[in-house]
Amino acid sequence: MYTDITGPELLAHRGSAVEPDDFDAFWRDTLAAARQHPVAVETTLVDSGLTTLDVYDVSFAGWDGQRVRGWLSVPAGTTADAPLPAVVEYIGYGGGRGLATEHLLWASAGYAHLVMDTRGQGSGWSVGDTPDPDGSGPAVPGVMTRGIESRETYYYRRLTVDAVRAVDAVRAVDLVDPERVAVLGGSQGGGLAIAVAGLVDGLAGVFPRVPFLCDFPRATVITDADPYHEIARYLTVHRDRRDEVFRTLAYFDGVLHAARATAPAWFSTALMDPICPPSTVYAAFNAYAGPKEMTVWEYNGHEGGGAHEDAATFAHLAQVLRP
């Protein structure tokens, strides 16, 4: 069944986050501090058992110079003499980079594909290899309220910096054409793709699929599904912290990042999605400042378009990465 408003109401919906006066300054200073650390990409060719792809175990400097892991896959035999356009992929909530053999599609289509590990996650449905060594105050199990007492300590500050640095990292790899990089992800990964689109110049394309991390004030009161409900559970106990929590979340709301993004974007939403309700996705889509298209999966939940969306993405990637 539908989980939210539909039709013209979605097209008219705007997010409810209050934009902080220093939103841009906060992110400018945050990224400047991160970039004081050289990105220091390390790549090690691994024996993945694949004959059609070369796979590299990758690490780079993310938040505060901390090492972030990833997999870089390219068509077998790729050399620096013929650098490839690249797709940077961010993972959904609870997942990590997984095994190298779980990520074959985009490199098989002829792109360099960097999948970024997710710090402190990677035990929900796929394995991860990147710790989150920073502590925080009291939190509900999960990461949604980790460090939520302030914008400086919030978990998604660290993860968003990692996501930006993943683009810096792939652009520094000699197998990649740094002028042709797209970002892609589903759910949490889609939310990160939107944030990166608002924070990084020169992206060729952005592909947020059923994105999370958008329109927090609405999301937390219209769904009782995790991960948004982690925030609601926190506030059932910390009754006096509502304003403080939403002041923090505003700096990480995809709606505000979308308003600063200019690269071509292809969004998707699912009308039966109880995890990332379609109005929250449309809030970011309607705010998005660049060229944009939306695909609506009318009879799907949080799985969205699945393989059908992959197939449609091939043409869009070719449009922006192989013009």
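A residue counts as buried under 20% relative accessible area, as exposed over 50%, and as partly exposed in between. That cut-off is used at several stops below, and the model on screen is a predicted one.

**Stop 1: Arg-35 and Asp-168**

Select Arg-35. At 40% relative accessibility, Arg-35 falls in the partly exposed class. Now add Asp-168, which at 16% counts as buried. The two form a salt bridge, with 3.0 Å between the closest N and O atoms. Arg-35 is in the loop between α2 and β1 (42–46), while Asp-168 belongs to helix α4; the pair links parts of the chain 133 residues apart.

**Stop 2: Arg-151 and Asp-22**

Which residue does the side chain of Arg-151 meet in a salt bridge? Select Asp-22: the N to O distance is 2.5 Å. Arg-151 sits in the loop between β5 (112–116) and α4 (155–171), and Asp-22 in the loop between α1 (8–12) and α2 (23–34), so this salt bridge ties together parts 129 residues apart in sequence. Arg-151 is partly exposed, at 23% relative accessible area. Asp-22 is partly exposed too, at 27%.

**Stop 3: Arg-180 and Asp-177, then a network**

Select Arg-180 with Asp-177. Their side chains meet in a salt bridge of 2.7 Å, N to O. Arg-180 is partly exposed at 24%, whereas Asp-177 is buried at 17%. Next select Arg-119, Asp-132, Arg-146, Arg-158 and Asp-162 together: salt bridges with shared partners join these residues into one network. The count of salt bridges comes to 20.

**Stop 4: Arg-157**

Go to helix α4 and pick Arg-157. Arg-157 is buried but has no salt bridge. How far away is the nearest side chain of opposite charge? That side chain is Glu-152, at 5.8 Å; a salt bridge requires the nitrogen and the carboxyl oxygen to be within 4 Å. Show Thr-30 as well: its side chain makes a polar contact of 3.0 Å with the side chain of Arg-157. Beyond the neighbours within four places in sequence, the residues in contact with Arg-157 include Phe-26, Trp-27, Trp-63 and Phe-252.

**Stop 5: the sheet**

Switch to a cartoon view and select the strands. Nine of them form an open sheet with mixed pairing, in the order β1-β2-β3-β5-β4-β6-β7-β8-β9. β1 and β9 (292–297) stand at the edges with a single partner strand each, so each has one side without a neighbour in the sheet. On average, neighbouring strands are turned by 20° against each other, direction ignored.

Zoom in on β2 (residues 53–61) and β3 (residues 67–75). These strands run antiparallel and are joined by nine bridges. To find one of them, select Tyr-56, whose bridge partner in β3 is Leu-72.

Two helices to add here are α10 and α11. Helix α10 packs on the sheet, touching β8 (265–270) and β9, and its direction makes about 165° with that of β8. Helix α11 (residues 306–321) also packs on the sheet; it touches β4 (84–90), β6 (176–186), β7 (205–209), β8 and β9, and its direction makes about 165° with that of β7.

**Stop 6: helix α7**

Finish at residues 228–237, helix α7. Which residues of α7 are buried? They are Tyr-228, Glu-230, Ile-231, Ala-232, Tyr-234 and Leu-235. Display α6 (216–222), α8 (242–250) and α10 (278–287) around them, as these are the helices that the buried residues of α7 pack against.

Definitions and conventions: Residues are numbered from 1 along each chain as its sequence is written. This is a predicted model: local features need pLDDT of at least 70, side-chain atom pairs count only at pLDDT 80 or more; totals for chains, interfaces and linings use all residues. Side-chain values use heavy atoms; hydrogens and water are left out. Buried means under 20% relative accessible area, exposed over 50%, partly exposed in between (1.4 Å probe, protein chains only). Helices (H or I, at least four residues) and strands (E, at least two) are DSSP runs, numbered from the N terminus. Contact means heavy atoms within 4.5 Å. Lys and Arg count as positive and Asp and Glu as negative; His and the chain ends are not counted. A polar contact is a pair of N or O atoms within 3.5 Å; within protein, one must be able to donate a hydrogen and the other to accept it, and residues adjacent in sequence count only if both atoms are side-chain atoms. Two strands pair if DSSP finds at least two bridges between them. Axes are lines fitted to C-alpha atoms, for helices over the stretch in contact, and angles run from 0 to 180 degrees between N-to-C directions.
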